[in-house]
Amino acid sequence: MFDENIKLLNAVEKIAHGKGVTPAQIAIGWVLYQSGKPGMPTLIPIPGATTSERIEENMKPATLSEGDFKALDEILKKFPPVGGRYHEAQAALLFA
């Protein structure tokens with residue numbers, strides 16, 4: 001699983017490098033690109049940050065073209081989600 005995550009990170013880093021942005025900016029841009037598309041609600045990314053530099057960076061999401069989105073979609077098809085959103089003990093609290 002760890003190796004797969006590194007492969008995904010490397011693929012996104014390659015796109016980010018080509019656009020002169022960070023992987024986080026790609027991720028924020030990807031969420032914003034999805035927002036309001038047919039069948040999608042309005043999405044508002046809420047990135048975390050530990051420094052003022054990261055806050056400033058997060059305020060400048062990558063602008064993705066249709067081609068960028070297609071490239072990211074192809075990458076994501078190779079990495080299907082695995083597991084639940086929450087650990088079993090935490091998930092049990094949701095329905096308590």
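Contact here means that heavy atoms lie within 4.5 Å, and in this predicted model that criterion places Q25 against E57, K60, P61 and A62, when residues up to four places away in sequence are not counted. Q25 itself belongs to helix α2 and is buried, because its relative accessible area of 9% falls under the 20% limit.

Helix α2, which comprises the 12 residues 23-34, has end C-alpha atoms that are 17 Å apart, in agreement with the 16 Å that should be spanned at 1.5 Å a residue. The buried residues of this helix are Q25, I26, I28, G29, Y33 and Q34. Just after the end of α2, G36 adopts a positive phi of about 80°.

A further set of contacts to residues 23-34 of helix α2 involves N58, which, when neighbours within four places in sequence are left aside, is in contact with A24 and I28, as well as with P47, G48 and A49. N58 is located in helix α3, formed by residues 52-58, and is likewise classed as buried, since its relative accessible area is 13% and the limit for that class is 20%.

At the surface, Y86, L94 and F95 together make a nonpolar patch of about 380 Å². Of these residues, Y86 is situated in the loop between α4 (66-77) and α5 (88-94), and its relative accessible area of 40% makes it partly exposed, because this value lies between the limits of 20% and 50%.

How values were computed: Residues numbered from 1 in each chain as written. Predicted model: local features only at pLDDT ≥ 70, side-chain atom pairs only at ≥ 80, totals over all residues. Heavy atoms only, no water. Helix = DSSP H or I, 4+ residues; strand = E, 2+ residues; numbered from the N terminus. Expected span 1.5 Å × (residues − 1). Buried < 20%, exposed > 50% of the residue type's maximum accessible area, 1.4 Å probe, protein only. Patch = residues over 30% accessible without salt bridge, like charges linked within 9 Å, V, L, I, M, F, W, Y side chains within 5 Å. Areas by Shrake-Rupley, 256 points an atom, 1.4 Å probe, with all protein chains shown as cover. Salt bridge = Lys/Arg side-chain N within 4 Å of Asp/Glu carboxyl O.
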